[in-house]
Amino acid sequence: MQVVREWTASLVSYVKRRRDPVVVQTLRSAAAATIAYVIALRLSPEAAPLTAPLTALLVVQVTLYSTLTTGVRRVNSVVAGVLVAIAFSLLVGLTWWSLGLLIVASLVVGRIVRVEEFVPEVAISAMLVLGVTTVGDTAWARVVETLIGAVVGLGCNLLFAPPVWVDEAGESIEGLARRVRRLMLRMGEEAAGRTPVELATARLYEARALDHDIVEVDAALKQAEDSLKFNPRVKEGMLHRVVLRTGLDTLEICTVVLRVLARTLTDLAKERDPFADEPDLLDDEGPDPEPLFGAETGRTVERLLSEIGDAVVSFAVLVTTHVSVSAESAEARLTAELRQATATRDKLAQLLLEEVQRDARHWQLHGAVLTEVNRILDELDTEHRSRRLLEELDRAAREQRERMPHLTRLQERLRGNRTARARRSPSR
């Protein structure tokens with residue numbers, strides 16, 4: 001029985017590794033490079049046509065969209081370098097000074113033809129071709145090998161469609177939401193007691209560190225967006241891209257507001273701590289800092305941040321859920337949590353008003369706390385999300401029509417033909 005469980009665990013681990021971007025990229029790149037080399041051995045006059053597998057290795061990317069765009073730029077860079085090398089071989093040949101001019105000219109040409117990250121490849125191709133005696137044959141062989149590698153790289157992605165990385169991007173978004181929730185829980189627990197300045201400052205640094213998490217999630221989301229473009233397995237690629245992107249934008253706004261809230265609580269802790277302006281006395285024995293809020297107000301702040309943290313996670317689950325039934329359940333859960341958080345917010349507003357009436361020294365900071373939690377609740381509101389989603393879909397569709405007008409007209413004509421056939425079918 002133990003052997004069966006270990007074998008099952010190994011099988012599950014293998015299946016998961018197959019979907020890992022590193023494993024997928026390694027296997028597909030190795031296969032494409034090998035196939036390109038075998039084909040180039042038959043078509044290229046070179047004894048070791050390594051340019052073909054090198055091109056295939058660089059052209060094959062994790063997503064089909066990046067493969068198509070990279071393949072075109074890669075071929076352009078090699079052809080441009082070969083043409084520059086032929087021109088130099090006819091005019092000056094290879095000397096130390098012509099080599100310098102060749103490199104400068106190749107880099108300038110690479111910028112002109114807009115090969116982007118493959119600008120150095122223009123100079124590399126030119127130097128390799130110029131460095132041989134039979135420039136014409138070598139130049140032709142290098143162009144052929146480059147085309148072979150590019151075609152094989154593109155063919156591998158067309159025949160073996162790359163995976164769609166939406167699930168991985170969704171996991172990254174949910175992970176960010178859970179980190180935000182954990183920070184909110186800690187801030188709420190400390191706001192309910194006597195918070196030293198150094199502890200409140202530590203939470204402020206943690207809130208600032210969420211920016212690095214957002215950068216990582218954004219990279220995963222960009223990969224997912226690329227994997228949806230031109231992918232035959234995806235029917236509603238634009239919708240998936242817009243839902244995920246607007247979801248990340250909302251979480252990013254929430255983290256910014258949370259950072260401001262952490263700064264507000266830090267400023268309030270400084271006002272309550274008698275030794276806040278005397279760092280040398282912080283470690284000495286002395287009176288504890290005053291509580292940030294009254295006892296009941298502090299408990300309400302703690303409960304409100306806990307409820308908002310739960311709503312943040314539910315929002316992330318909602319924007320990463322694709323099944324309609326699960327999405328409806330996630331939206332219902334988010335709506336209920338926001339309703340509860342709103343009620344707690346209203347109670348907190350009343351308690352803060354009573355505190356300000358008793359002691360108005362820190363009314364600005366108390367008002368800032370209420371304003372910042374209001375902003376987070378507004379961003380998570382389901383109606384706000386629906387409006388934002390519709391606006392982004394309209395904007396994306398408009399940009400696509402402006403960028404590809406011919407394709408848009410063709411799609412509209414096809415939809416019009418289907419509508420006309422549907423109208424005629426009942427009369428038959």
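Which residues does Ala207 touch, not counting residues up to four places away in sequence? Keep that one in mind while I set the scene, and I'll come back with the list.

Okay, hi everyone. What you have in front of you is a predicted model. The chain runs to 428 residues, and 41% of those count as buried. For secondary structure, we're talking 15 helices and 0 strands. On the outside, the accessible surface comes to about 23600 Å², and carbon and sulfur atoms account for 58% of that. And if you take contacts between residues at least 6 apart in sequence, 77% of them join residues at least 24 apart.

Right, back to Ala207. You'll find this residue in helix H9, which spans 197-228. Its contacts, with those sequence neighbours set aside, are Leu183, Leu258, Arg259 and Ala262. Is Ala207 buried or exposed? Buried: its relative accessibility is 0%, and the cut-off for buried is under 20%. There's also a nice distance to look at here. Ala207 and Val256 sit 49 residues apart in sequence, yet C-alpha to C-alpha they are 8.2 Å apart in space.

Now for the inside of the chain. The largest nonpolar core has 60 residues, and Phe293 and Ile308 have the most contacts inside it. Six helices give two or more residues to this core: H8 (166-191), H9 (197-228), H10 (237-272), H11 (295-319), H12 (324-358) and H13 (363-380). Which of them gives the most? That's H10, with 13 residues.

Let's zoom in on Ile308. Leaving out residues up to four places away in sequence, Ile308 touches Met184, Ala341, Val373, Ile376, Leu377 and Leu380. Apart from that big core there's another one, of 10 residues, including Ala40, Val60, Val144 and Ile148.

Next, two loop residues. Start with His362, in the loop between H12 and H13. His362 is a buried loop residue, because its relative accessible area is 8% and buried means under 20%. Who is it in contact with, beyond neighbours within four places in sequence? For His362, the answer is Leu268, Glu271 and Arg272.

The other one is Arg114, in the loop between helix H5 (96-112) and helix H6 (119-130). With a relative accessible area of 69%, Arg114 is exposed, because the bar for that is over 50%. What about its backbone? Most residues other than glycine have a negative phi. Arg114 is not a glycine, but its phi is positive, about 60°.

Last stop, the surface. There's a nonpolar patch of about 770 Å² out there, made by Leu90, Leu91, Val92, Trp96, Trp97 and Leu101. Helix H4 (64-91) and H5 each give two or more residues to that patch. H5 provides the largest share, 3 residues. If you want one residue to click on, try Trp96, which is in helix H5. Trp96 counts as exposed, because its relative accessibility is 76% and the cut-off is over 50%.

So, to recap the three places to look: the 60-residue core, the loop residues His362 and Arg114, and the nonpolar patch with Trp96 in it. Thanks, that's my bit.

Technical notes. Residues are numbered from 1 along each chain as its sequence is written. This is a predicted model: local features need pLDDT of at least 70, side-chain atom pairs count only at pLDDT 80 or more; totals for chains, interfaces and linings use all residues. Side-chain values use heavy atoms; hydrogens and water are left out. A nonpolar core is a set of buried Ala, Val, Leu, Ile, Met, Phe, Trp, Tyr and Cys residues joined through side-chain atoms within 4.5 Å. Buried means under 20% relative accessible area, exposed over 50%, partly exposed in between (1.4 Å probe, protein chains only). Helices (H or I, at least four residues) and strands (E, at least two) are DSSP runs, numbered from the N terminus. Contact means heavy atoms within 4.5 Å. Accessible areas come from the Shrake-Rupley method with a 1.4 Å probe; for residues, only the protein chains shown count as cover. Patches are made of residues with over 30% relative accessible area and no salt bridge: like charges are joined within 9 Å, nonpolar side chains (Val, Leu, Ile, Met, Phe, Trp, Tyr) within 5 Å. A salt bridge is a side-chain nitrogen of Lys or Arg within 4 Å of a carboxyl oxygen of Asp or Glu.
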